[in-house]
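User: I am new to this structure and would like to go through it step by step. Please take my questions one at a time.

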Amino acid sequence: MRRTKEDAEKTRCAILAAAEQLFLERGVAHTSLEHIARHAGVTRGAVYWHFQNKAHLFHEMLNQVRLPLEPLAQQLAAVDGLSSLQLLRDLCIEAMANLVLDEQRRRILTVLLRRCEFTEELREAEERHETFVNQFIDLCEQQFALSTVQPYLQPGITPRLASRTLHALLVGLFSDWLRDPNLFDAQTDTPAMIDSCFRGLLRQWP
């Protein structure tokens with residue numbers, strides 16, 4: 001039984017690796033489950049055993065590099081005031097550094113941001129991705145909405161606007177750096193860019 005489970009997990013990992021490589025090379029829309037099965041050296045039946053459809057496979061591929069929101073929420077809940085925003089700032093910087101240090105994360109985010117068209121067959125994956133994005137934005141908004149933080153917001157900036165501004169900057173940095181890593185140094189330049197965002201949102205930023 002243990003051997004069977006190990007073999008099944010190896011097959012699942014092989015399918016995910018094949019999908020990641022083909023999505024990157026061919027684009028998501030031009031890669032079929034048949035292509036993935038052949039590249040992984042398995043049958044289509046094996047693919048369907050592990051994944052309901054292409055949308056499910058795409059979703060599980062993204063899950064390999066997504067931030068786990070529940071532990072993140074717990075971390076943020078353990079601090080208060082500007083300290084929670086400092087932690088959020090550090091996590092944004094870490095996320096950019098991980099693009100440089102983690103090759104798989106870099107490949108998968110390239111697929112998401114540069115090789116993916118959310119066609120009808122990916123509707124379920126698109127909805128799940130949008131849910132994840134909205135949950136992350138909501139988590140950021142909760143930090144800006146803290147009673148110890150709101151007095152520091154710039155005039156005209158609400159917690160809602162602040163959270164969306166930060167998310168937009170982060171996605172923009174991801175997209176630009178993946179398009180051309182020579183545009184800026186993701187490890188040394190990111191802190192200044194993230195801090196400039198917080199200084200624009202808050203009247204006081206350490």
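User: Which residues does UniProt give for the feature "domain: HTH tetR-type"?
Analyst: The model shown is predicted, while the feature name comes from an unreviewed UniProt entry. In the model, the stretch is 72% helix and 0% strand, and its end C-alpha atoms lie 25 Å apart. The entry places the domain at residues 9-69.

User: Which residues does the UniProt annotation "DNA-binding region" cover?
Analyst: This annotation is also taken from an unreviewed entry. Its stretch is 75% helix and 0% strand in the model, with 13 Å between the end C-alpha atoms. The annotation covers residues 32-51.

User: Is Thr 31 buried or exposed?
Analyst: Thr 31 sits in the loop that joins α1 (2-26) to α2 (33-40). Its relative accessible area is 1%, and buried means under 20%. Thr 31 is therefore buried.

User: Which backbone oxygen does the side chain of Thr 31 reach?
Analyst: Beyond four places in sequence, Thr 31 has contacts with Leu 22, Phe 23, Arg 26, Ile 36 and Lys 54. The side chain also comes to 2.8 Å from a backbone oxygen. That oxygen belongs to Gly 27.

User: How many helices and strands are there in the chain?
Analyst: Read along the sequence, the pattern is α-α-α-α-α-α-α-α-α-α. The C-alpha atoms fill a box of roughly 60 × 40 × 30 Å along the principal axes. The count is 10 helices and 0 strands.

User: What share of the contacts in the chain with a separation of 6 or more comes from residues 24 or more positions apart?
Analyst: The chain has 206 residues, and buried residues make up 41% of them. For contacts with a separation of 6 or more, the part due to residues 24 or more positions apart is 71%.

User: Are α8 and α9 oblique or roughly parallel?
Analyst: Two packed helices are described by the angle and the distance between their axes. Here the axes of α8 (residues 123-144) and α9 (residues 159-179) come within 8 Å and cross at roughly 130°. That angle makes α8 oblique to α9.

User: Which residues in α9 do the residues of α8 meet?
Analyst: The crossing of α8 past α9 is right-handed. From α8, the residues involved are Val 133, Phe 136, Ile 137, Cys 140, Glu 141 and Phe 144. In α9 they meet Pro 159, Arg 160, Ala 162, Ser 163, Arg 164, Leu 166, His 167 and Leu 170.

User: Which residues does Cys 197 touch, not counting those up to four places away in sequence?
Analyst: Cys 197 belongs to helix α10 (residues 190-201). It is buried because its relative accessible area is 10%, and the cut-off is under 20%. Its C-alpha atom is 9.3 Å from that of Ala 162, 35 residues away along the chain. The residues that Cys 197 touches are Thr 165, Leu 166 and Leu 169.

User: What does Glu 103 count as at 48% relative accessibility?
Analyst: Glu 103 is in helix α7 (residues 103-114). Its C-alpha atom is separated by 16 Å from that of Leu 22, 81 residues away along the chain. Buried is under 20% and exposed over 50%, so at 48% Glu 103 counts as partly exposed.

Notes:
Residues numbered from 1 in each chain as written. Predicted model: local features only at pLDDT ≥ 70, side-chain atom pairs only at ≥ 80, totals over all residues. Heavy atoms only, no water. UniProt positions renumbered as here; feature names shortened; annotations may be inferred. Helix = DSSP H or I, 4+ residues; strand = E, 2+ residues; numbered from the N terminus. Buried < 20%, exposed > 50% of the residue type's maximum accessible area, 1.4 Å probe, protein only. Polar contact = N/O pair within 3.5 Å; in protein donor to acceptor, adjacent residues only side chain to side chain. Contact = heavy atoms within 4.5 Å. Axes fitted to C-alpha atoms, helices over the stretch in contact; angles between N-to-C directions. Parallel < 35°, antiparallel > 145°, perpendicular 65-115°, else oblique. Left-handed = near helix turned anticlockwise from the far one by under 90°.
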